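Subject: Structure handover

Hi,

Here is the structure you will be working with. Please open it first, then read my notes below.

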Amino acid sequence: MRRLDRALSVVTFAVALTGVSCAFPDDKSGDVFITVQVPKQVVLQGQILQAYAQLWQRTGGDSAEIKNASFEWGTTNEALATVKNTGYGGADVTGISPGTVDLTVRAVSFEKAPTQYITLRVSKPLEIDSVRPATAYFG
């Protein structure tokens, strides 16, 4: 009976230790945000636009950049534009067909960090939306 009590206490201790060691750390993902820089909001069909993302963490009243962060890039419509991760926060966006598409950026290591969306317009190289004169004269 004494052996059973000892074995039961060892098993109880092991289960308690497993519960402690499997707890997920608090990665403060809610305090993390992404900034995205694109040189322009319009990408021409067939042209490559370079985008760059940075990861920041709010610390008190200031923000500090988190270096060497990995990002997952994407678009809301692969038929309009594709994106290729070039590493170090960079990505190449290629315009495929005319239209409006959202570029999405997510920090891989921070699950709870919000995804950043940037709206881009894909246009043909020589497309005129509309021409309206300032004044019109009749007769």
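First, a definition: a residue is buried under 20% relative accessible area, exposed over 50%, and partly exposed in between (1.4 Å probe, protein chains only).

Next, the ground rules. This is a predicted model, so local features need pLDDT of at least 70 and side-chain atom pairs count only at pLDDT 80 or more, while totals for chains, interfaces and linings use all residues. Residues are numbered from 1 along each chain as its sequence is written, and side-chain values use heavy atoms, leaving out hydrogens and water.

**Confidence**

pLDDT is the predictor's confidence in each residue, from 0 to 100. The mean for the protein chain is 82. Of its residues, 76% reach 70 or more. Confidence is lowest in helix α1 (residues 2-21), with a mean of 48. It is highest in β7, at 98. Over residues 10-25, pLDDT stays under 50. The model has zero contacts beyond four places in sequence for that stretch; a contact means heavy atoms within 4.5 Å. Where pLDDT is low, the predicted coordinates should not be read in detail.

**Overall layout**

The protein chain has one helix and nine strands. Both are DSSP runs, numbered from the N terminus: helices are H or I with at least four residues, strands are E with at least two. Along the sequence the pattern is α-β-β-β-β-β-β-β-β-β. Buried residues make up 25% of the 139 residues. Take the contacts with a separation of 6 or more: 52% of them join residues 24 or more positions apart.

**Strand β7 and its partners**

Which strands pair with β7? Strand β3 (residues 48-59) does, antiparallel, over five bridges. Strand β6 (residues 81-87) does too, also antiparallel, through six bridges. Two strands pair if DSSP finds at least two bridges between them. On the β3 side, I48 stands opposite T94. On the β6 side, N85 has A91 as its bridge partner. The hairpin of β6 and β7 has two residues between the strands, and Y88 there takes a positive phi near 55 degrees. Strand β7 itself (residues 90-95) is mostly covered, with five of its six residues buried.

**W73**

Look for W73 in strand β5. Is W73 buried or exposed? It is buried, because its relative accessible area is 11%. Leaving aside residues up to four places away in sequence, W73 touches twelve-strong company that includes V36, A51, Y52, L103 and V105. G90 and A91 are also among its contacts. W73 and K84 are eleven residues apart in sequence, and their C-alpha atoms are 7.3 Å apart in space.

**Salt bridges**

How many salt bridges does the whole structure hold? The search finds two. The term means a side-chain nitrogen of Lys or Arg within 4 Å of a carboxyl oxygen of Asp or Glu.

- E65 and K67 meet at 3.3 Å, N to O. E65 is partly exposed, at 27% relative accessible area. K67 counts as exposed, at 58%.
- R106 and E72 have their closest N and O atoms 3.1 Å apart. This pair links distant parts of the chain: R106 lies in strand β8 (residues 99-107) and E72 in strand β5 (residues 71-75), 34 residues apart. R106 is partly exposed, with a relative accessible area of 27%. E72 is partly exposed as well, at 43%.

Best wishes
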